[in-house]
Amino acid sequence: MLPYETINQAEGALGRDLSYWENLWFRYSAKMPDIWLYFHTIWFLIIVFSMVPLPLAILDLAKAKGLQKYKIQPKIYTPKSEVLHCYKSVMYVFFTVIGPLQLISYPFIKFIGIRTSLPLPALWEVIAQLTVYFLVEDWGNYWIHRWLHCKWGYDKIHRIHHEFTTPIGFAAPYAHWAEVLLLGIPSFVGPAIAPGHLITFWLWIALRQMEAIDTHSGYDFPWSPTKLIPFYGGPEYHDYHHYVGGQSQSNFASVFTYCDYIYGTDKGYRYQKEYLMKIRGASVDADNNHKGDESNAQAPYELVEDQKTL
């Protein structure tokens, strides 16, 4: 709760007029206890998870022809019943696991210094903190994800997430409750290292969720702005990991690909891409008249079924 009764008091304490956004924040949060503000996080998660994947899911269920050329596994569509099952399962975890976690994690959030006060952070501060959060979470997520692919971790926990060999946006957080908790840990490490404003924390949670939805979307759009982000994995990169499934020892990256490159866990993926480029190049040279043939629109992994263990 802000320690000011009026906007004039806030402006007097800051020694300047409130900005437009600070004025909005004051009007919304001045009389609201910090704990209630923090509980907004779960609602932001639910809204982002429910709305962001929805348009593409509808088009996918309709098998929109205009999108087929961007579909990574164009011959496979997830039935409506499985999409609904996925959504309900994730919502169950949100309310039974993530919701209670919000309740018990509030003291930790206050302890590390996530603030609700004025002034609001400058744009450069938000960008710097988000960069730290993404890098720290990515490194921690890589190692937890890699451990989950050991026999015990996969059989007992991670196999649930891999029920979707053809990922969809709604399946991004579809997982065993223990996996949700384990992979949630790195999400708090960055804010603990570089604590900022609660608004920055909300933005971090929303962006991370949107990134996960993007990489599980099953579509690789060439115009996506994420193509401009250095070392960003993206849907095609993570789709390979799901296609290979439990045997996969490749593409553990959460957001960026640098850990896979450094530790050599992208060799199968790179081999597969090089192999397909050669095969497709030979096919084009053999018969240019079949460029538009629908039979050539096959999943990018169908030609290398024997490489599943890479």
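What is the volume of the largest cavity? In this predicted model, the largest cavity comes to about 740 Å³. A search of the whole structure turns up four cavities of 30 Å³ or more. As for the walls, 37 residues line the largest cavity, and those nearest its centre are Leu183, Gly184, Ser187, Arg208 and Gln209. Two or more lining residues come from each of α4 (40-51), α6 (80-112), α7 (123-147), α9 (177-193), α10 (198-215) and α11 (234-244). Sorted by class, the lining of this cavity holds 17 nonpolar, 16 polar and four charged residues.

Several of these helices also pack against each other, and α7 is a handy place to start. The axes of α7 and α9 come within 8 Å and cross at roughly 155°. Angles over 145 degrees count as roughly antiparallel, so that is how α7 and α9 lie to each other. Their crossing is right-handed. On the α7 side, the contact uses Tyr133, Val136, Glu137, Gly140, Asn141, Ile144, His145 and Trp147, while α9 brings Leu182, Leu183, Pro186, Ser187, Val189, Gly190, Pro191 and Ile193. By class, that gives 10 nonpolar, five polar and one charged residues. Leu183 and Ser187 of α9 thus turn up in this contact as well as among the residues nearest the centre of the largest cavity.

Next comes the meeting of α7 with α10. Here the axes come within 10 Å and cross at roughly 45°, so the two helices are oblique to each other. The crossing of α7 and α10 is again right-handed. From α7, the residues involved are Val126, Gln129, Leu130, Tyr133, Phe134, Glu137 and Asn141, and they meet Thr200, Leu203, Trp204, Leu207 and Arg208 of α10. This contact has seven nonpolar, three polar and two charged residues. Tyr133, Glu137 and Asn141 of α7 take part in the contact with α10 and also in the one with α9. Arg208, which belongs to the α10 side of the contact, is also one of the residues nearest the centre of the largest cavity.

Helix α9 has another partner in α6. These two pack at an angle of about 25°, with their axes 12 Å apart, and that makes them roughly parallel. The crossing of α6 and α9 is right-handed. In this contact, Val93, Val97, Ile98, Leu101, Phe108, Ile109 and Ile112 of α6 meet Trp177, Val180, Leu181, Phe188, Pro191 and Ala192 of α9. The class count is 13 nonpolar residues, with no polar and no charged ones. Pro191 of α9 touches α6 here, and it features in the contact with α7 too.

Now for the open spaces. The largest pocket holds about 910 Å³ of space. Its lining takes in 41 residues, with Met210, Glu211, Asp214, Thr226 and Tyr232 lying nearest its centre. Elements giving two or more residues to this lining are α5 (54-61), α7, α10 and α11. The lining of the pocket breaks down into 27 nonpolar, eight polar and six charged residues.

Two spots in the backbone round off the picture. The peptide bond from leucine 118 to proline 119 is cis, with omega near 5°, and proline 119 sits in the loop between α6 and α7. Phenylalanine 231, in the loop between α10 and α11, has a phi near 65°, which is a positive value in a residue other than glycine.

Key:
Residues are numbered from 1 along each chain as its sequence is written. This is a predicted model: local features need pLDDT of at least 70, side-chain atom pairs count only at pLDDT 80 or more; totals for chains, interfaces and linings use all residues. Side-chain values use heavy atoms; hydrogens and water are left out. On a 1 Å grid over the protein atoms alone, a cavity is a set of points where a 1.4 Å probe fits but cannot get out, and a pocket is an open set with protein on both sides within 12 Å along at least five of seven lines; lining residues have an atom within 4 Å of a point. Grid points are joined across faces, edges and corners, and a volume is the space filled by probe spheres set on the points. Helices (H or I, at least four residues) and strands (E, at least two) are DSSP runs, numbered from the N terminus. Ala, Val, Leu, Ile, Met, Phe, Trp, Tyr, Cys and Pro count as nonpolar, Asp, Glu, Lys and Arg as charged, and the others, Gly among them, as polar. Axes are lines fitted to C-alpha atoms, for helices over the stretch in contact, and angles run from 0 to 180 degrees between N-to-C directions. Angles under 35 degrees count as roughly parallel, over 145 as roughly antiparallel, 65 to 115 as roughly perpendicular and the rest as oblique. A crossing is left-handed if the near helix is turned anticlockwise from the far one by less than a right angle, and right-handed if clockwise. Contact means heavy atoms within 4.5 Å.
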